[in-house]
Structures are given as structure tokens and as C-alpha cells.
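Q: Please take a close look at one part of this predicted model. I should like an account of a charged region on the surface, followed by the strand pairing elsewhere in the chain.

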Amino acid sequence: MFTAENWPIGANMLSFGSTTSDGTPTLEASSAIWASQLRQVKELGVDQVDPTDAWLPLAKLSDERLEEFRRVLDGEGMSLSSISMTRSSVVDVERGEQNLADAHRFIELAPSFGVTVVNTGFMQALTGKQAKAIWFWLEDGHVDDPALRDLAIERVRELGDAAASQGVQLSLEMYEDTYVGTADEAVAFVQDVDHSSVGLNPDLGNLVRLHREVEAWPEMFEKVLPHSNFWHIKNYTRDYDAATGAYTSAPMPLKYGYINYRTVIRRALELGYTGPFCCEHYGSDSLGVIAENVHYIRQVLASALAEHPA
């Protein structure tokens with residue numbers, strides 16, 4: 001079992017984007033660029049990252065470049081907490097089969113990086129309106145096709161078998177209007193998959209930021225935490241004006257937002273949660289906020305584990 005000090009808690013590298021300052025894809029960038037960006041994380045007191053395919057898609061690196069990336073990690077004193085796929089649905093009508101192949105490759109690579117969980121989901125590319133919005137979640141995006149749900153279950157079960165063979169877990173990221181878009185839908189989907197190596201990523205930050213009615217966060221967490229094996233964790237403000245019907249939301253550090261994560265993390269431990277965390281944040285100094293969130297989680301874990309050692 002983990003302690004508060006060694007629990008896998010990574011910084012999501014999404015804040016660096018998928019290209020360098022001169023427009024070069026991070027995939028094709030020099031290892032010096034990778035090292036510089038990882039060093040910024042390390043300087044904030046965080047020594048683990050989730051590379052995410054929206055930053056550096058490890059599945060698409062040649063064997064030589066993979067070894068180059070390993071050397072960079074070692075050189076910077078860094079390791080991977082998890083591997084996440086972003087907007088790479090395995091039932092995307094155009095790219096689903098390629099995304100499935102990439103997911104298999106991530107699962108294959110995970111053990112060699114000491115990673116115990118690969119995260120995927122059913123969200124798809126941003127629409128034009130989403131890309132232009134101040135916050136992309138303020139515009140409607142992709143909605144999963146109910147007719148493809150059985151295929152989604154089949155492909156996730158296939159990935160679960162692959163994960164089991166590698167001794168790792170697959171996690172499904174909760175996201176609005178997908179097959180795991182509400183607490184009830186997420187639980188139903190993972191139960192229908194019915195695989196011991198497949199769980200949920202209770203990323204309810206994706207839901208509480210929406211300008212629409214959503215279930216109360218304590219009720220959602222109570223439903224999904226027993227099925228959770230990984231956690232993209234972030235927070236937002238959330239307000240609703242009953243007089244006008246207007247919602248507002250904005251990204252916030254974990255301890256200042258709408259969700260009380262001290263309560264939620266402690267409840268997760270009570271329910272047996274043992275998975276990694278991946279800290280995310282949008283806007284402002286995302287990396288700086290992520291680092292604060294990593295340290296916050298470790299303090300919450302230290303307090304909870306001191307009372308009830310695992």
C-alpha cells in the first residue's frame with residue numbers, strides 16, 4: 001500500500017500543449033524541449049507526470065525515441081504516474097480503430113514505465129465553436145451515439161483483457177454526453193463491461209463546470225467512487241441564479257472550489273480507493289496550480305492515513 005509520501009500523484013502535461021513555441025509538434029521536438037518542460041514541473045516540487053497523448057503521444061514514438069524519452073525522465077529525476085488518452089474515443093467513427101490500436105500500445109508500454117493505469121474515454125475532438133470559446137465547455141460538443149454503445153463495451157472489454165495480461169488497469173474518464181456522462185450512466189457502463197481490470201475515472205470536474213443542471217457532487221461521488229481506479233482531479237467554482245436561470249463556473253485550485261476534496265478524498269479511501277491521481281487545471285498558471293494541488297492531496301492523504309492506516 002502507498003503512503004502519503006509515495007502515492008502516485010502526477011502533473012498533467014496538457015498545459016504545455018501539443019506543439020512547441022515555433023509550432024513543431026511535441027512528438028517531433030528535440031529531447032531538450034521535453035527535458036525543459038519536465039524540469040519546470042520538477043522545480044515546483046513535483047516529480048511525477050502524466051504525459052497525456054495531447055502533449056506527447058508515447059504510442060506514436062519510435063523505439064529509439066521512446067528510449068530517448070526514458071533517458072530524459074531519468075535525467076530529470078522524473079517518473080510517470082499514469083498515462084492518459086485525450087479525445088481519442090475507440091468508437092470515433094473516423095479514427096476509432098486507430099485509437100483502439102493506440103490504446104493497446106499504451107497498455108503495452110505502461111509496465112515498462114512503472115505505470116499501473118492507462119486512462120481513456122469517449123470524448124472527441126472539440127468543435128469549431130468549442131475551440132473559439134473562452135472555456136470550451138461553454139459550448140455543446142460531441143454526443144455519443146447510443147447505437148455504438150455495444151461496440152464501445154466490446155472494445156473496452158478487449159482493452160481490459162490486454163490490460164490484465166500486462167498487470168495494469170484501464171480507467172474510463174467521466175465526461176458529459178458520453179456513455180459515462182453521468183454517475184448513473186458511468187456505473188451502468190462499467191458494470192456492463194464487467195471486467196476486473198476496468199474501472200472509472202471520477203473526473204467530476206468535467207461535470208460541475210457545465211452551465212446546466214447536474215447532480216449534486218456528494219451524490220455522484222458516492223455512486224462512482226466504489227468503481228474508481230484512477231482520478232483526474234480538478235475543481236471549479238459553480239453558481240446558479242434561480243431568478244435568471246444563469247450558471248457560472250471557473251477553474252479553481254482544489255481547496256478553493258465547489259467540491260470539498262478533503263471530504264471526498266477521505267471518503268474515497270474509506271471505500272478502498274488505491275489508484276493514482278492526476279492533477280489538472282485550466283487557465284492562469286496551470287502548472288503552478290497543479291503543483292499546489294499535488295501538495296494539497298498529499299496533506300489530505302497524510303491526515304487520513306494517520307487516522308486509519310491502510
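A: D150 has a relative accessible area of 60% in this predicted model. The residue therefore counts as exposed, since the cut-off for that term is over 50%. D150 belongs to helix α5, which covers residues 149-166. Together with E154, E158 and D161, D150 forms a negative surface patch.

The strands may be taken next, one sheet at a time. One open sheet has five strands in the order β3-β2-β1-β11-β8, and its pairing is parallel. Its edges are occupied by β3 (79-80) and β8 (231-233). Each of these two has a single partner strand, so one side of each lacks a neighbour in the sheet. The partner relation of β3 can be followed in detail: β2, residues 48-50, pairs with β3 in the parallel sense through two bridges. Within this pairing, V49 lies opposite L80 of β3.

Another open sheet consists of four strands, ordered β4-β5-β6-β7, again with parallel pairing. Here β4 (83-84) and β7 (198-201) are the edge strands, and each pairs on one side only. Between them in the order stand β5 and β6. Strand β5, residues 117-120, runs parallel to β6, residues 169-173, and four bridges join the two. One residue pair illustrates this contact: N119 has S171 in β6 as its bridge partner.

To return to the charged region, the negative patch comprises D150, E154, E158 and D161, and D150 itself is exposed.

Terms used
Residues numbered from 1 in each chain as written. Predicted model: local features only at pLDDT ≥ 70, side-chain atom pairs only at ≥ 80, totals over all residues. Heavy atoms only, no water. Patch = residues over 30% accessible without salt bridge, like charges linked within 9 Å, V, L, I, M, F, W, Y side chains within 5 Å. Areas by Shrake-Rupley, 256 points an atom, 1.4 Å probe, with all protein chains shown as cover. Salt bridge = Lys/Arg side-chain N within 4 Å of Asp/Glu carboxyl O. Lys, Arg positive; Asp, Glu negative; His and termini not counted. Charge placed at Lys NZ, Arg CZ, Asp CG, Glu CD. Buried < 20%, exposed > 50% of the residue type's maximum accessible area, 1.4 Å probe, protein only. Pairing = 2+ DSSP bridges.
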